[in-house]
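Empty space and bound molecules are a useful way into a protein model. Look at the structure below before reading on.

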Amino acid sequence: MQRFSCPFCGLRDETEFHFAAEAGKHRPEPAPEVSDADWADYLFGNDAPRGPAREVWVHLTCGEFFVMTRDTVTREVLGSAALPGRSQ
Amino acid sequence: MQRYSAFSLLRHGLTGHRGWRPAWAKARPRAAYDAVIVGGGGHGLATAYYLAKNHGISRVAVLEKGWIGGGNTGRNTTAVRSNYFYPESVALYDLSLRLYERLSRALNYNVMLSQRGMLIAAHTPAQMEICARIANAMQLNGVDGHLMGAEEAVRRIPLLNQTADARFRCLGGVWQGRAGVARHDAVAWGYARAASALGVDIIENCAVTGLDVQGGRICGVDTTLGRIRTERVGLAAAGATPGLAALTGVRLPIHTYALQAFVSEPVKPMLDTVLLYLGTGTYVSQSDKGELVIGGGLDRVPTHGQRGNLPAQETVISGLLEMFPAFAQLKLLRQWAGVVDVVPDSSPVIGPVGPGGLYVNCGWGTGGFKAIPAGGWLLAHLLATGAHHEISRPFDLDRFARGRLIDEAAGSGIAH
Ligand SMILES: Cc1cc2nc3c(=O)[nH]c(=O)nc-3n(C[C@H](O)[C@H](O)[C@H](O)COP(=O)(O)OP(=O)(O)OC[C@H]3O[C@@H](n4cnc5c(N)ncnc54)[C@H](O)[C@@H]3O)c2cc1C
Ligand SMILES: [Zn+2]
């Protein structure tokens with residue numbers, strides 16, 4: 001069992017967490033001017049990086065979303081931080 | 001190509017089996033090819049074979065980073081079936097199953113297809129309704145399949161836990177008689193051998209590191225064995241496909257996860273079908289050697305490491321023991337994982353992407369072994385003609401922008 005760190009609750013079992021999305025996506029605006037292709041890329045496009053990755057995860061126990069930096073090959077956790085605007 | 005037969009076995013036996021030649025030739029890259037396929041898994045090798053066989057294009061190279069069949073093709077639990085929900089999917093997977101049914105003969109290589117049937121089992125009335133819906137969809141799509149009651153299910157799988165306190169007491173499920181298993185290595189090796197005999201170069205230990213684009217068209221690939229010129233490239237690299245497509249700025253709707261499998265010690269025959277339990281997500285069959293071959297859901301952590309994690313192991317094995325308490329006495333022999341390419345609608349991506357001449361065949365996720373003949377057939381068609389086959393058209397990447405997803409995860413409720 002691997003343990004991940006929630007910025008609010010500390011180290012917890014990996015089963016308490018759920019991967020949400022790759023971090024750094026920006027919702028294209030304004031909606032009426034966004035092309036289908038850009039919208040599809042925002043919804044579905046991924047980098048699926050090999051190695052270091054920034055990802056949004058949710059700690060299911062406390063319900064907070066946060067950013068986790070991990071290595072997707074070694075699975076080493078490099079850091080976790082609250083989303084911008086959320087105080088820890 | 002040396003043909004295999006009972007007679008050739010006998011003949012070589014008389015000379016101490018010293019006359020066998022390697023099944024496929026170890027090739028070194030040439031300077032240029034009519035088409036280059038990246039990834040020597042089942043899909044890449046089948047693509048090369050059908051390019052040569054169906055389209056007469058044999059100046060083709062398959063470039064494989066490691067050894068052929070060393071990716072998911074050699075790591076999967078070998079269930080083949082076509083019990084999907086949407087007509088587009090059934091057209092695709094049933095083409096594949098029909099090709100599988102003729103494959104040993106077509107390749108002169110025994111892929112050990114064993115159509116022992118598959119039960120998707122339910123343990124609640126709601127799941128039985130889902131099963132009825134799948135069975136109806138299969139029949140409407142012209143594929144064999146029917147709803148099976150508890151009595152027949154237990155007759156076929158007598159070890160199922162039907163005691164009064166069983167947590168997942170089987171109520172029956174959907175049955176497909178043409179489903180079954182095939183030998184995964186044989187599928188890779190059989191396609192490699194037949195493609196090689198038609199003039200295809202199979203180049204192992206050769207990783208693609210770059211895609212050369214000029215004037216909006218592919219003009220070559222960079223590899224660890226040097227640059228190769230070509231105007232047509234097919235990517236069939238499973239979990240590595242997003243990274244390769246990204247070399248041309250293309251982003252795919254793929255996340256990569258580890259999917260695990262397990263085999264037990266060999267035991268006497270006790271399970272002669274493939275069983276997938278909706279309630280536990282665990283599925284199991286028994287190999288010809290007697291081992292139980294066990295699989296389940298994905299690890300829930302995106303990764304490129306071909307290793308599984310413990311929580312998923314616990315879920316799969318506890319699911320197995322709920323179904324078959326007797327299996328608690330068995331020892332596990334091996335456990336492993338492959339990196340699978342998962343798409344939000346659980347359907348593959350087949351078609352052109354990015355620069356002219358570049359095509360992908362990926363996104364098979366947890367269930368692309370059964371699709372190898374069709375995936376190869378369709379990617380070969382794209383590479384040869386530059387246009388979709390009618391069966392691959394719905395699986396184009398453009399379905400995400402058009403909102404025409406083929407959501408099999410929701411439709412058939414099955415992950416594999
Ligand atoms: C545990 C497990 C169980 C499964 N069970 C089933 C099942 O029961 N039924 C079913 O239908 N499917 C199943 N699957 C899914 C199935 O295995 C895959 O969908 C299928 O094998 C994919 O084949 P492929 O040829 O696309 O990929 P692969 O066989 O993975 O081949 C891709 C190849 O590309 C190579 N490659 C990667 N990067 C490069 C590069 N840069 N240059 C050159 N080569 C490269 C890799 O080394 C690899 O050999 C399972 C998968 C796993 C992991
Ligand atoms: Zn928390």
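How many cavities of 30 Å³ or more does the structure hold? This is a predicted model, and it holds one such cavity. Rolling a probe the size of a water molecule over the atoms shows where empty space is left.

The space in the largest cavity comes to about 80 Å³. Residues from chains A and B line this cavity: A:Phe19, A:Glu22, A:Ala48, A:Pro49, A:Glu55 and A:Thr72, together with B:His255, B:Thr256, B:Pro302, B:Thr303 and B:His304. Two strands each supply at least two residues of the lining, namely strand S3 (17-22) of chain A and strand S13 of chain B. Sorted by character, the lining of the largest cavity has four nonpolar, five polar and two charged residues.

Strand S13 of chain B also leads to ligand 1. This strand, residues 255-264, is one of the elements that give two or more residues to the shell around the ligand; the others are helix H2 (42-55) and strand S17, also in chain B. S13(B) gives the most, with three residues.

There are 38 residues around ligand 1, and those that come nearest are B:Glu64, B:Asn72, B:Thr73, B:Thr77 and B:Lys370. The shell is made up of 17 nonpolar, 17 polar and four charged residues.

Some backbone atoms lie at short listed distances from the ligand. For B:Lys65, a backbone N or O atom is 3.1 Å from a nitrogen atom of ligand 1. A polar backbone atom of B:Thr78 is 3.4 Å from an oxygen atom of the ligand, and for B:Phe369 a backbone N or O atom lies 2.9 Å from an oxygen atom of ligand 1. Ligand 1 taken alone exposes 1,000 Å², and the protein buries 96% of that.

Why does ligand 1 lie between two domains of chain B? Domain 1 (25-78 + 184-253 + 345-402) and domain 2 (114-178 + 255-342) both give residues to its shell, so the ligand lies between them.

The second largest pocket can be described in the same terms. About 510 Å³ of space lies in this pocket. Its lining has 22 residues, and B:Thr78, B:His184, B:Ser287, B:Glu291 and B:Val293 lie nearest the centre. In chain B, strand S15 (283-286) and strand S17 (332-342) are the elements that give two or more residues to this lining. The lining divides into six nonpolar, nine polar and seven charged residues. Domain 1 and domain 2 of chain B both contribute to the lining, so the second largest pocket lies between them.

Terms used. Residues numbered from 1 in each chain as written. Chains lettered and ligands numbered in written order. Predicted model: local features only at pLDDT ≥ 70, side-chain atom pairs only at ≥ 80, totals over all residues. Heavy atoms only, no water. 1 Å grid on protein atoms, 1.4 Å probe; cavity = no way out; pocket = protein on both sides within 12 Å on 5 of 7 lines; lining within 4 Å. Points joined across faces, edges and corners; volume = space filled by probe spheres on them. Helix = DSSP H or I, 4+ residues; strand = E, 2+ residues; numbered from the N terminus. Nonpolar A, V, L, I, M, F, W, Y, C, P; charged D, E, K, R; others polar. Domains from an automatic or database assignment. Near = heavy atom within 4 Å. Polar contact = N/O pair within 3.5 Å; in protein donor to acceptor, adjacent residues only side chain to side chain. Areas by Shrake-Rupley, 256 points an atom, 1.4 Å probe, with all protein chains shown as cover.
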